[in-house]
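Q: Can you walk me through how the labels on this one are earned? I'd like each value set against its cut-off.

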Amino acid sequence: MNTIGVIFDLDGVIVDTAKYHFLAWKNLANNLGFEFTEAHNELLKGVSRVRSLEILLDIGKTTISDTKRQEILIKKNEDYLKFISKMGPEEILPGAEKLLDTLDQLGIKYVLGSASKNAPYILKKVNLFHRFQGIVDGNSVSKAKPDPEVFLIGAKKLNLKPESCIVFEDAIAGVEAANKAKMTSIGIGDKATLSEADYNFNDLTEIPENFFEKFLLKKTI
Ligand code: B16
Ligand code: MG
């Protein structure tokens, strides 16, 4: 049995759902009377839905009642669900399926570690749900990234110590969470932004075929 396991973030690693989050948040910001740009959207990556709204309201320098907040959170998710209901396997990011195939061939188990409460639905839409050993999502945690809780639960699902887990993440908060959990962090995206990661790649197509060998060797010494 292999002594390492992998934890994948969802948005920005397996699929690009950030563009749909952006459209839904932008619509809400415009209705509240302010602009919300793609640069603003970067601040919401990997961040929980509730925290995303707080950041959005800060951007618009807007305060609203708790009741209105709840209404907005529901509306945002309804709008977002309309976009993701149209998703299919063609939206899986380049290199993701090949990487899962490689892990299957090596007998390395993998689970999902996402902040999204919609993660199981999205994985089913792109036909990848059945491939994961387990799913840890926004419904399973009490503390959002950069807290390591999501990945520590993932390690438990893999039946491994945190030190034996490798995390693929596209968000600063996610890399920080993986590092706090004492896992190996792999930053997917801009290297300067994800400079705290142990390894960096622009996307999953850049992961070398033999990337996992060194981890397997290290664990058997
Ligand atoms: P939901 P990840 C995160 O997914 C997104 O990056 C982030 O923008 C979003 O706010 C969060 O999920 C919550 O998503 O509204 O669907 O519960 O990157 O952790 O897979
Ligand atoms: Mg992400």
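Q: What makes the space taken by ligand 1 a pocket, and where does it rank?
A: It's the largest pocket. A pocket here is an open set of points on a 1 Å grid over the protein atoms alone, where a 1.4 Å probe fits and protein lies on both sides within 12 Å along at least five of seven lines. Two elements give two or more residues each to the shell around ligand 1, helix H3 (49–59) and helix H4 (66–84); helices are DSSP runs of H or I with at least four residues, strands are E runs of at least two, and both are numbered from the N terminus.

One caveat: this is a predicted model, where local features need pLDDT of at least 70 and side-chain atom pairs 80 or more, while totals for chains, interfaces and linings use all residues. Residues are numbered from 1 along each chain as its sequence is written, chains are lettered from A and ligands numbered from 1 in written order, and side-chain values use heavy atoms, with hydrogens and water left out.

Q: How do you know that Asp 11 makes a polar contact with ligand 1?
A: The cut-off for a pair of N or O atoms is 3.5 Å. A side-chain N or O atom of Asp 11 is 2.8 Å from an oxygen atom of ligand 1, so the pair counts as a polar contact. Ser 114 has a polar side-chain atom 2.7 Å from a ligand 1 oxygen, and a backbone N or O atom of Ala 115 is also 2.7 Å from an oxygen of ligand 1.

Q: Why does the protein's radius of gyration agree with a compact globule?
A: The rule, over C-alpha atoms, is 2.2 Å times the number of residues to the power 0.38. For 221 residues that comes out near 17 Å, and the protein has 18 Å, so it agrees. The C-alpha box along the principal axes is roughly 60 × 35 × 30 Å.

Q: What makes the peptide bond from Lys 145 to Pro 146 stand out?
A: It's cis, with omega near 15°. Pro 146 sits in the loop between strand S3 (135–136) and helix H7 (149–158).

Conventions
Polar contact = N/O pair within 3.5 Å; in protein donor to acceptor, adjacent residues only side chain to side chain. 1 Å grid on protein atoms, 1.4 Å probe; cavity = no way out; pocket = protein on both sides within 12 Å on 5 of 7 lines; lining within 4 Å. Sits in = over half its atoms within 2 Å of the grid points.
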